[in-house]
Amino acid sequence: MPLFEIETNAHILITWAEDETQAKVVVHDNYPNDEVIRLTKRPRNSWVISKAALGLTDHRLDPCLVARDCLSKAEGDKVHAIRLYMNETGVDLDKARKAIESNMVLGW
């Protein structure tokens, strides 16, 4: 059974249905006042919601991810990675150095 993404004026629904007509029936049965704006048959049978697309990620919450990203951008150049880390996080030189060096030791 295909998976459908249905956007209404008030909701976004993800549901299985035999076809588009049945998908619209699901909407009208559960939300009779909603108007279907967009109906898309998904290419796979699972659904993934990107947290980044919803604005729910904040790389500053995980210093290791930021440090590793800075090391990657700096191509392993420690001094450049420290500068990038300071720019990304707003921390001082000492904290940036510790974050970068600790990730280098961990085997970046």
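**Close-up 1. K78 is a partly exposed residue of helix α3 in this predicted model.** The relative accessible area of K78 is 33%, and because a residue counts as buried under 20% and as exposed over 50%, K78 falls into the partly exposed class. The residue belongs to α3, which comprises residues 78–89. When the neighbours within four places in sequence are left aside, K78 is in contact with I100, E101 and M104. With E101 there is a polar contact between the two side chains, at 2.8 Å. As for M104, its C-alpha atom lies 8.5 Å from that of K78, although the two residues are 26 apart in sequence.

**Close-up 2. Helix α3 has a buried side, formed by A81, I82 and Y85, and exposed residues on the other side.** The buried residues of α3 are A81, I82 and Y85. These residues cover an arc of only 100 degrees around the axis, which puts them on the same side of α3. R83 and N87, by contrast, are exposed on the other side of the helix. The twelve residues of α3 should span 16 Å at 1.5 Å a residue, and the C-alpha atoms at its ends are indeed 16 Å apart, so the expected and modelled values agree.

**Close-up 3. The two ends of α3 show a side-chain to backbone approach by D77 and a positive phi at G90.** At the start of the helix, an oxygen of the D77 side chain comes to within 3.2 Å of the backbone nitrogen of V79. Just after the helix, G90 adopts a positive phi of about 80 degrees.

**Close-up 4. N103 is a buried residue of helix α4 whose side chain approaches the backbone of A99.** With a relative accessible area of 1%, N103 is buried, and it is found in α4, which covers residues 93–105. A polar atom of the N103 side chain lies 2.8 Å from the backbone oxygen of A99. A99 is itself listed among the buried residues of α4.

**Close-up 5. Helix α4 carries its buried residues on one face.** The helix has 13 residues, and the distance from its first C-alpha to its last is 18 Å, close to the 18 Å expected at 1.5 Å a residue. A96, A99, I100 and N103 are the residues of α4 that are buried. Seen down the helix axis, they fall within an arc of 90 degrees, so they line one face of α4. The exposed residues L93 and V105 are carried on the face turned away from this buried side. I100, on the buried side, is also one of the residues in contact with K78 of α3.

**Close-up 6. Strand β1 pairs in the antiparallel sense with both β2 and β3.** Strand β1, made up of residues 3–8, is mostly covered, with five of its six residues buried. Five bridges link β1 to β2 (residues 12–16) in the antiparallel sense, and a hairpin of three residues joins the two strands. Within this pairing, E5 has I14 as its bridge partner in β2, while I6 has L13. Strand β3 (residues 36–41) likewise runs antiparallel to β1, to which it is joined by five bridges; here the bridge partner of F4 is K41.

**Close-up 7. The side chains of β2 alternate between a face with buried residues and a face whose residues are not buried.** In a regular strand the side chains alternate between the two faces of the sheet. Strand β2 shows such alternation, with L13 and T15 pointing to one face and being buried, whereas I12, I14 and W16 point to the other face and are not buried. Among these residues, L13 is the bridge partner of I6 and I14 that of E5.

**Close-up 8. The whole protein chain, as a setting for the preceding views, contains four helices and three strands.** From the N terminus on, its elements follow the order β-β-α-β-α-α-α. The chain has 108 residues, of which 22% count as buried. Among its contacts between residues at least 6 apart in sequence, 43% join residues at least 24 apart. The accessible surface of the chain amounts to about 7700 Å², and carbon and sulfur atoms account for 51% of it.

Methods:
Residues numbered from 1 in each chain as written. Predicted model: local features only at pLDDT ≥ 70, side-chain atom pairs only at ≥ 80, totals over all residues. Heavy atoms only, no water. Buried < 20%, exposed > 50% of the residue type's maximum accessible area, 1.4 Å probe, protein only. Contact = heavy atoms within 4.5 Å. Polar contact = N/O pair within 3.5 Å; in protein donor to acceptor, adjacent residues only side chain to side chain. Expected span 1.5 Å × (residues − 1). Arc of directions from axis to C-beta. Areas by Shrake-Rupley, 256 points an atom, 1.4 Å probe, with all protein chains shown as cover. Pairing = 2+ DSSP bridges.
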